[in-house]
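Colleague: I'm new to reading protein models. Could you walk me through one?

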Amino acid sequence: MQFSDLGLERRLMTTVEHLGFTEPTEIQQQAIPAAMQGHDLIASSKTGSGKTLAFIIPALQRVVKNRALSKRDPRVVILTPTRELAKQVFSQLRLFTANTQFKAVLILGGENFNDQVKVLEKEPHFIVATPGRLADHLTQGHFYLNGLELLILDEADRMLDLGFAKQLSQINKAADHRKRQTLLFSATLDHAQVNDFAKELLKKPKRIAIGGAFTEHKDINKRFYLSDNLDHKEALLQHFLTAEKYQQAIIFTATRSDTERLAGILTKQEFNAVALSGELNQSQRNQIMESFSKGQHKILVTTDLASRGLDLVNVSLVINFDMPKHTEEFIHRIGRTGRAGSQGDAIAFVGPKDWLSFKNVEGLLEQTISFEQVDSLKAKFKGLKPKKIKAKSTSSKAKSRVKEQPIKVKKATKKVFHAAQDVGDMPIIKRKKPLSAQQLEDSDLNEAD
Ligand code: ADP
Ligand code: MG
């Protein structure tokens, strides 16, 4: 199938040609025609497989081809879990709206609220946003969604994991036109909350799953290395950053403070490294992402803030300095490389604190992972054994009678995402009192937004 077979409006087709794309990816081949027929979609496919255009193209087609339901309200709203991802989706969208009369705007947490009020007063046709800030503007009546034609949720599972269910529901309820269409993209459709949510949001949705997000990604070469402690990890890091061939690399750490610390160490070692974390203000975050995407830095040290969706074409190496707290983030982290058919390397360090997370990743990938080693940096750590059952009686006679039985390590399933491990600072959002939208956006706990 070619893009020219999809019956796209002429200006849309010109932009696709401009991008140099001739053949739609698998998810695009299925999602674009289904969305253009007006179906609601719940869709997933592996990282880097072109989901963004799978929703941008039908959105543009609908807006160009159909009359607006309302003169004033936005026609399309696209929500993403992180500001960085929203910016990236916005820049792709702008390529398509640039040669049309349609206005697209970006509404993000962490940016000036009053400026955004003015932007919304101009009645844009497209809004790309993070959910917390958009919900705030909605509450305050700075725009209305009754005429909304298309609600698009990118990385919906992540938005729900971050605790944005309330804001998403609010946006959904405000967009009450019976002709409204909804496209929900999620890394996994095997997520209870996503499925419940889909029932609330979607009308007779078509389900499109191109492989699982967790099936083998052939373009990403994964390697795992045991490590003893922080010093050992740092030595391994230095080794790989010197020995591997890569254009740009992303290093994921468990905590925000480690991003700064590691970037500092790497800079001293004369690597061109920069740190990105939720601790920085938005303009600093923007600056760092911009200079990294322009290639002004070779190495980005970050947290799961950057694990989702970011498409940085020159990243060919991902290093998990720490294993992620949320198992599925492993797939997203390594998915920053091996995008659109290019090859990538993904290395992970597994120390005692990472062990449980490692076992969960092994379960998620449904394969037994073996470790590699660097000859000059062999680890003493060999992994944790399953715990032994304690003998009930303390008498030595009784002890000798009770055979020690190993406890089976619980096989991780795709649902075991939130095993409480003290390896990072990602939030497990289970609070007595729900945070307000603005608190969620600004919360120190909330890495992503
Ligand atoms: P995903 O959201 O599935 O992780 P993205 O939408 O970010 O993936 O796309 C990944 C990369 O693939 C981007 O660089 C994008 O420009 C490129 N891409 C998208 N569609 C096509 C296509 N039809 N042919 C070739 N490359 C494409
Ligand atoms: Mg994406």
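Colleague: Which residues have the most contacts inside the largest nonpolar core?

Modeller: Start with the general idea: in soluble globular proteins, nonpolar side chains tend to be buried together. In this predicted model, the largest nonpolar core has 111 residues. Val 77, Val 128, Ala 129, Ile 152, Leu 184, Ile 251 and Ile 319 have the most contacts inside it. Helix H3 gives the most to this core, eight residues. At least three residues come from each of domain 1 (3-209) and domain 2 (220-377).

Colleague: Thanks! In what order do the strands of the open sheet run?

Modeller: To read a sheet, follow the strands from one edge to the other. Here seven strands form an open sheet, ordered E3-E4-E2-E5-E6-E1-E7, with parallel pairing. Strands E3 (104-107) and E7 (206-210) are at the edges with a single partner strand each, so one side of each has no neighbour in the sheet. On average, neighbouring strands are turned by 15° against each other, direction ignored.

Now zoom in on one pair. Strand E5 (residues 150-153) and strand E6 (residues 181-185) are joined in the parallel sense over four bridges. Leu 153 stands opposite Leu 184 in E6, and Leu 184 is also among the core residues with the most contacts.

Colleague: And how many residues surround ligand 1?

Modeller: For a ligand, look at the shell of residues around it. There are 18 around ligand 1, the closest being Gly 50, Lys 51, Thr 52, Asp 311 and Ala 340. The shell divides into five nonpolar, nine polar and four charged residues. Helix H3 (residues 51-65) supplies the largest share, three residues.

Colleague: Why does ligand 1 lie between the two domains?

Modeller: Because domain 1 (3-209) and domain 2 (220-377) both give residues to its shell.

Definitions and conventions:
Residues are numbered from 1 along each chain as its sequence is written. Chains are lettered from A and ligands numbered from 1 in the order in which they are written. This is a predicted model: local features need pLDDT of at least 70, side-chain atom pairs count only at pLDDT 80 or more; totals for chains, interfaces and linings use all residues. Two strands pair if DSSP finds at least two bridges between them. Helices (H or I, at least four residues) and strands (E, at least two) are DSSP runs, numbered from the N terminus. Axes are lines fitted to C-alpha atoms, for helices over the stretch in contact, and angles run from 0 to 180 degrees between N-to-C directions. A residue is near a molecule or strand if its C-beta atom, placed from the backbone, lies within 6 Å of it. Ala, Val, Leu, Ile, Met, Phe, Trp, Tyr, Cys and Pro count as nonpolar, Asp, Glu, Lys and Arg as charged, and the others, Gly among them, as polar. Domain bounds come from an automatic or database domain assignment. A nonpolar core is a set of buried Ala, Val, Leu, Ile, Met, Phe, Trp, Tyr and Cys residues joined through C-beta atoms within 7 Å. A residue is buried if 20 or more other C-beta atoms lie within 10 Å of its own, exposed if 12 or fewer, and partly exposed in between; C-beta atoms are placed from the backbone.
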